[in-house]
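Let's take a walk through this one, starting with charged side chains and ending in the nonpolar interior. Keep the 3D view open as you read.

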Amino acid sequence: MKITEKFLIVSILFFSAGGTALYASTDKNIGTDGAVFMKLPIGSPRVQAMGNTGVSIVEGAEALTVNPAGIASSQMHEISFSHLSWFQDYSGNYLGYVHPYGQWVIGANVAYMSIDNFDNRDQEGVPLNDNITVRDGYATASLARAFFMERFLVGASLKGVLEDNYVTEYKNLVFDVGAILKIGRKLSLGIASQNLSGSGNEVVQVQRIGGAWRFNSYLTATLENKTYSDRGSLLGGGVELSLPEELLQVGRVSIRAGYTPSDDLGRNTDDQTLDNLGMQELSGWAFGIGLYSSQTMGYGVGIDYTFAPYASLGKTSQIAVKFQF
């Protein structure tokens, strides 16, 4: 085994083990923290498709939701819009912007999620006719910088979080910090702490730590440990197969897949799409595709789409469009 391969294995195992120790929560605490919508991968179909991993490789506007250090590698202005469709008509939109300014990179985003006609019942379980809307959202301002020829990236974000569950409205101010270390051309390591604050358990905190290995110009693999303040750790991974723009001439095509362990969600019996694909019992997996061209009327244009089955709960999807100029 080569030295670089040994270093990759040892580094990722160290990062994964370290992330597990940062929170002592167990699965019995799931749902005890607020603003759990902050766990959703809105803003980055790429990260979602790779098993909700990518703390060490995120770039541009998508990095604002995962690791603010990722925007430090941006050389162009970028604006990104995405739409996430979740379960039971819960959906949301995301808008992000990245702006290089001297040696620094500034980023900002806003996300809004909601569900209308929420099921409302009295104490006897009788449905009520009240039109209830549950709404969630957040807005972020980020600052990042690269050092040592863009080998070491650091970033921080300040984030306002809103959770309105109709009965009570919560508003919190939290912050994210992160770093990315690139070792050679193949290995990158990343760490990010999200939603840090002193406001108790009103916003779920997330710790991400992991790495990525670029085998060649076509194949990249990720391994990442995610720890939530209301549950234990989840170790997941993903792969991305890309055909570069230089090869296809018209643009770059990326195919992605990833997995993070999921609870047993049973079998789906009413979703025709999952039935046709033979995914009635599949959960934890995600699949996606991305298209990017740097030669569209002088601009960089990208489209990403992700599909994720969740067995009896149904399916989720996300689509994003980004422009670089």
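Is Arg256 buried or exposed? At 7% relative accessibility, Arg256 counts as buried, because the cut-off for that label is under 20%. Bear in mind as you click around that this is a predicted model.

So who does Arg256 pair with? Its salt-bridge partner is Asp304, and the closest N and O atoms of the two sit 2.8 Å apart. Asp304 is buried as well, with a relative accessible area of 13%. Now look at where the two come from: Asp304 belongs to strand β13 (residues 299–309) and Arg256 to strand β11 (residues 252–259), so this pair ties together parts that are 48 residues apart in sequence. The pair also has company, since Arg46, Glu62 and Glu240 join Arg256 and Asp304 in a network of salt bridges. As a general point, side chains of opposite charge can pair when their charged atoms come close.

Over the whole structure, a search turns up 12 salt bridges. Another of them runs between Glu281 and Arg267, with 2.9 Å between the closest N and O atoms. Here the partners sit in loops: Glu281 in the one between α4 (272–277) and β12 (285–296), Arg267 in the one between β11 and α4, which puts them 14 residues apart. Glu281 is exposed, with a relative accessible area of 52%, while Arg267, at 47%, counts as partly exposed.

Then there's the salt bridge where the side chains of Glu169 and Lys171 meet, at 3.6 Å from N to O. Lys171 is exposed at 63% relative accessible area, and Glu169 is partly exposed at 39%.

Now for the nonpolar side of things. In soluble globular proteins, nonpolar side chains tend to be buried together. In this model, the largest nonpolar core has 39 residues, and those with the most contacts inside it are Phe37, Met38, Met113, Tyr138 and Val161. Strands β2 (91–101), β3 (104–115), β4 (134–147), β5 (152–164) and β6 (169–183) each supply at least two residues of this core. The biggest giver is β3, with four residues.

Which residues does Tyr138 touch, leaving out those up to four places away in sequence? Its contacts include Phe37, Met38, Met113 and Val161, which are also listed with Tyr138 among the residues with the most contacts inside the core. The rest of the list is Ile42, Thr65, Tyr94, Asn109, Val110, Ala111, Lys159 and Gly160. Try centering your view on Tyr138 and picking out these neighbors one by one.

Notes
Residues are numbered from 1 along each chain as its sequence is written. This is a predicted model: local features need pLDDT of at least 70, side-chain atom pairs count only at pLDDT 80 or more; totals for chains, interfaces and linings use all residues. Side-chain values use heavy atoms; hydrogens and water are left out. A nonpolar core is a set of buried Ala, Val, Leu, Ile, Met, Phe, Trp, Tyr and Cys residues joined through side-chain atoms within 4.5 Å. Buried means under 20% relative accessible area, exposed over 50%, partly exposed in between (1.4 Å probe, protein chains only). Contact means heavy atoms within 4.5 Å. A salt bridge is a side-chain nitrogen of Lys or Arg within 4 Å of a carboxyl oxygen of Asp or Glu.
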